[in-house]
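Visitor: I have a chain on my screen and some questions about how it is put together. Could you walk me through it?

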Amino acid sequence: MEPDKYIQSFFDSIRTQLDETKVGKDGTTARYRDAVVAAKWANDLWEVELRSQEQEPVRRQYDPFVARSSESAANYFVDALLRASGQEPAPRPITSRFNRVKR
């Protein structure tokens, strides 16, 4: 996936899951209540950081050329945003490419 499309998809997924999220005009930041998720391009990776007054910063790096899904990356930060605002994230179904329906 192209780097800019990856990060756009990442922030779109956060905004879709958390209605109160405001994505910045530059498309590389999002605010949810008192927390901010920001992404910057560095050394061929997207560095994504969550900052809030309630917890230590959370940082992750993503390579859009080998990343499986910007949605799964966004899910991690959605859960962190919810925890930072004192909410408990809802359990997500476990997905795996090895899950198969037994007949």
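Visitor: Leaving aside neighbours within four places in sequence, which residues is Phe10 in contact with?
Guide: Happy to help, and please keep in mind that this is a predicted model. Phe10 sits in helix α1. Setting aside its neighbours within four places in sequence, its contacts are Val37, Val48, Ser70, Ala73, Ala74 and Phe77.

Visitor: Is Phe10 buried or exposed?
Guide: The cut-off for buried is under 20% relative accessible area. Phe10 has a relative accessible area of 0%, so the residue counts as buried.

Visitor: How many Å lie between Phe10 and Phe77, C-alpha to C-alpha?
Guide: Phe77 is one of the residues that Phe10 contacts. The two are 67 residues apart in sequence. In space, their C-alpha atoms are separated by 9.6 Å.

Visitor: What is the relative accessibility of Ser9?
Guide: Ser9 belongs to helix α1, which covers residues 3-17. Exposed means over 50% and buried means under 20%, with partly exposed in between. Ser9 counts as partly exposed because its relative accessibility is 27%.

Visitor: And how many Å separate Ser9 and Gly27 in space?
Guide: Along the sequence these two are 18 residues apart. From C-alpha to C-alpha, the distance between Ser9 and Gly27 is 10.0 Å.

Visitor: Let's step back to the whole chain. What pattern do its helices and strands follow?
Guide: The secondary structure consists of 2 helices and 5 strands. Reading along the sequence, you meet them in the pattern α-β-β-β-β-β-α.

Visitor: What is the order of the strands in the sheet?
Guide: The sheet is open and has 5 strands, with antiparallel pairing. Strands of a sheet pair through backbone hydrogen bonds. The order here is β1-β2-β3-β4-β5.

Visitor: Which strands stand at the edges?
Guide: An edge strand here has a single partner strand, so one side of it is left without a neighbour in the sheet. The strands in that position are β1 (22-23) and β5 (55-62).

Visitor: Which residue in β3 stands opposite Ala30?
Guide: Strand β2 (residues 29-32) and strand β3 (residues 35-42) run antiparallel and are joined by 4 bridges. Across from Ala30, in β3, stands Val37.

Visitor: Which residue in β4 is the bridge partner of Ala38?
Guide: β3 pairs with β4 (residues 45-52) in the antiparallel sense, over 7 bridges. In β4, the partner of Ala38 is Glu49.

Visitor: And which residue in β5 does Glu49 stand opposite?
Guide: β4 and β5 also run antiparallel, with 6 bridges joining them. A hairpin links these two strands through 2 residues. Within this pairing, Trp46 has Tyr62 as its bridge partner, while the residue opposite Glu49 is Arg59.

Visitor: What is the phi of Asn43, in the turn between β3 and β4?
Guide: β3 and β4 form a hairpin with 2 residues between them. At 70% relative accessibility, Asn43 counts as exposed. Although Asn43 is not a glycine, its phi is positive, at about 50°.

Visitor: What about the phi of Asp44?
Guide: Asp44 lies in the loop between β3 and β4, where Asn43 is found too. Asp44 counts as exposed because its relative accessibility is 56%. Asp44 is not a glycine either, and its positive phi is about 65°.

Visitor: What radius of gyration does the chain have?
Guide: The C-alpha trace spans about 50 × 35 × 25 Å along its principal axes. A compact globule with 103 residues would have a radius of gyration near 13 Å. The chain agrees with that, since its value is 14 Å.

Visitor: What percentage of the residues count as buried?
Guide: The accessible surface of the chain comes to about 7500 Å², and 47% of that belongs to carbon and sulfur atoms. Of the 103 residues, the buried share is 35%.

Visitor: One more, about charge: how many Å apart are the centres of the positive and negative side chains?
Guide: There are 17 positive and 16 negative side chains in the chain. The centres of these two sets are separated by 6 Å.

Conventions: Residues are numbered from 1 along each chain as its sequence is written. This is a predicted model: local features need pLDDT of at least 70, side-chain atom pairs count only at pLDDT 80 or more; totals for chains, interfaces and linings use all residues. Side-chain values use heavy atoms; hydrogens and water are left out. The radius of gyration is taken over C-alpha atoms; the globule rule is 2.2 Å times the number of residues to the power 0.38. Buried means under 20% relative accessible area, exposed over 50%, partly exposed in between (1.4 Å probe, protein chains only). Accessible areas come from the Shrake-Rupley method with a 1.4 Å probe; for residues, only the protein chains shown count as cover. Lys and Arg count as positive and Asp and Glu as negative; His and the chain ends are not counted. The place of a charge is taken as NZ of Lys, CZ of Arg, CG of Asp or CD of Glu. Two strands pair if DSSP finds at least two bridges between them. Contact means heavy atoms within 4.5 Å.
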